[in-house]
Structures are given as C-alpha cells and as structure tokens.
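Welcome, and please take a look at the model below. A visitor has some questions about its side-chain contacts.

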Amino acid sequence: MKKIVSVDMARGVAVLMVLVGHSGLLFTSRPLPPFWQWVWYKAWVNGGYGVSLFFVISGFLITGLIAQGPGGLFRPDLRSFYARRAGRILPLLFLFCAMGLALEFLAPLPAETRQTFFAGSQTSAHPLFWFSIATFWFNWLRVFSHQPIDFFWGILWSLSVEEQFYFFYPLALRALGSKRNLVLFLGAFVVLGPISQAAAYALGLNHLTLHYNSFNGFSLIALGGLLYLARE
C-alpha cells in the first residue's frame, strides 16, 4: 500500500502519546516549571488515547491493503492474508516472549511488588497465560482475572484485540460482497464499542472490562475502515 503522509503523521503522534503515557509518571516529580509540569501531566494522563489512535490507523491500513490486493476488497486471498499476518506478527511475538522470560529469570521483581494474574505464582508459570498469548485472547484473560500484571506482559492486550478482528474481517468481507453492506457492518461495530462499555458500567463490572474488552477496540478498528471507504 502506498504511503500516506497524514497516516504516518498520525502514527507518529500515537507513538509519542503511548511513550509519554508509559513514562510520564517518572517525570512528574521532577522540578519542572509549573506550566510545563501541567503540560507533562496532561500528556501523561491522556497517553492511553495513543492506543485508540493506533486501532483507528490499523483499521484504515488493513482495509486499504485488502482493497488493493488482486481480488479486491470483497474477494481477499485468505491464504495470502493470513500468511502475511503470521509472518508479520509471530517472529516479533516469539522475540517479545523470549525477552519477557529473560527479564523474569535475570531480573525478577521482589515478591511484594510482583503483580500477576494468578496469586502465589509467577505469570509465566501458568499454562493458561501462554495459551491466551498463543490464541490471542490475552485481553479477555486480563479482564476475567480481575488483577493487573507486570507492565512488560500487559501490553499484549492490544495485539490480541487486533488479531481477533483480523481473523474474521476477510471472511466477513467475502460474505458482505458490497460497500453498502460493509458500511452497515462497520457502523454496527462502531456503535457496539460504546454499548459494551455502557453495559459493563451499568452492571458494575471492573474498569478492566470497560477498557480491555474486545468490542471497545473493534469499534475503533471499524472506524478506521470507514475512514478508508470515505477517503476512496
């Protein structure tokens, strides 16, 4: 897919927001002038929106890549699509997991500060943990466990949401067959995200359910797909 300057700029902004969101707390206690301390704090507390922007960009790009394939938007080559996704994701995922294990063995956190899914056990020691990573439902494990985990592993939730959407997206495109149907399909997912959050809030579920449930991410990815269709 041909590079689009505005998309690259948005991606750069998203990267900066995520970096500040994860590191901003380290600098809030430094002796900055009051105005810059206020600016840095605001950037830090809103850093999570960088992930939301990444989801939108992802939906825009994946729709464009499929549309520009040999079969067009509604006849994607499934074998080629899934092979490309596996080749893009799996090597980096294996490297990431190897780095995580190395950190746990070489520089383990003290027991009193360790935060894991499973009380009394290391995160990497539980088979359900690895199964959730291998099958890309890590975000739901994080939701249903009701517990935070070490930062290094925690970032895998957004990858799981994306790969869940990408699993059924080309299959849905084949079934939909027209832009009108696709617009209705993506529009339904855009609405489904806020509905899932409202339902979780009404039921009194924990904040992890509000933030990490797949439908919340699906709505943003679908919004990116709609933006691509609007651009075309």
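What follows is a short conversation about aromatic pairs and salt bridges.

Guide: A quick note before we start: this is a predicted model, where local features need pLDDT of at least 70, side-chain atom pairs count only at pLDDT 80 or more, and totals for chains, interfaces and linings use all residues. Residues are numbered from 1 along each chain as its sequence is written, and side-chain values use heavy atoms, with hydrogens and water left out.

Visitor: How many aromatic pairs does a search of the whole structure find?
Guide: Rings of Phe, Tyr and Trp (its six-membered ring) pair if their centres lie within 6.5 Å; planes under 30 degrees apart count as stacked, over 60 as edge-to-face and the rest as tilted. Searching the whole structure with that rule gives a total of 22.

Visitor: Which kind of pair do the rings of F129 and F138 make?
Guide: Happily, F129 and F138 are both buried (under 20% relative accessible area, with exposed over 50% and partly exposed in between, using a 1.4 Å probe and protein chains only). Their ring centres are 5.8 Å apart and their planes stand at 75°, so the pair is edge-to-face.

Visitor: How many residues apart in sequence are the parts that F165 and F189 tie together?
Guide: F165 and F189 form an edge-to-face pair, 6.1 Å centre to centre with 75° between the planes, and both are buried. Helices here are DSSP runs (H or I, at least four residues), numbered from the N terminus. F165 lies in helix α8 (residues 156-176) and F189 in helix α9 (residues 179-202), so the parts they tie together are separated in sequence by 24 residues.

Visitor: Where does R85 lie, given its salt bridge with E163?
Guide: A salt bridge is a side-chain nitrogen of Lys or Arg within 4 Å of a carboxyl oxygen of Asp or Glu, and E163 and R85 meet at 3.1 Å, N to O. The pair links distant parts of the chain, 78 residues apart, with E163 in helix α8 and R85 in helix α4 (residues 78-106).

Visitor: Is E163 buried or exposed?
Guide: The relative accessible area of E163 is 11%. Its partner R85 has 13% and is buried. For E163, too, the class is buried.

Visitor: What separates R11 and D8 along helix α1?
Guide: R11 and D8 form a salt bridge, their closest N and O atoms being 3.8 Å apart. R11 is partly exposed at 32%, and D8 is partly exposed at 31%. They are 3 residues apart in helix α1 (residues 5-23), so the separation is about one helical turn.

Conventions
Helix = DSSP H or I, 4+ residues; strand = E, 2+ residues; numbered from the N terminus.
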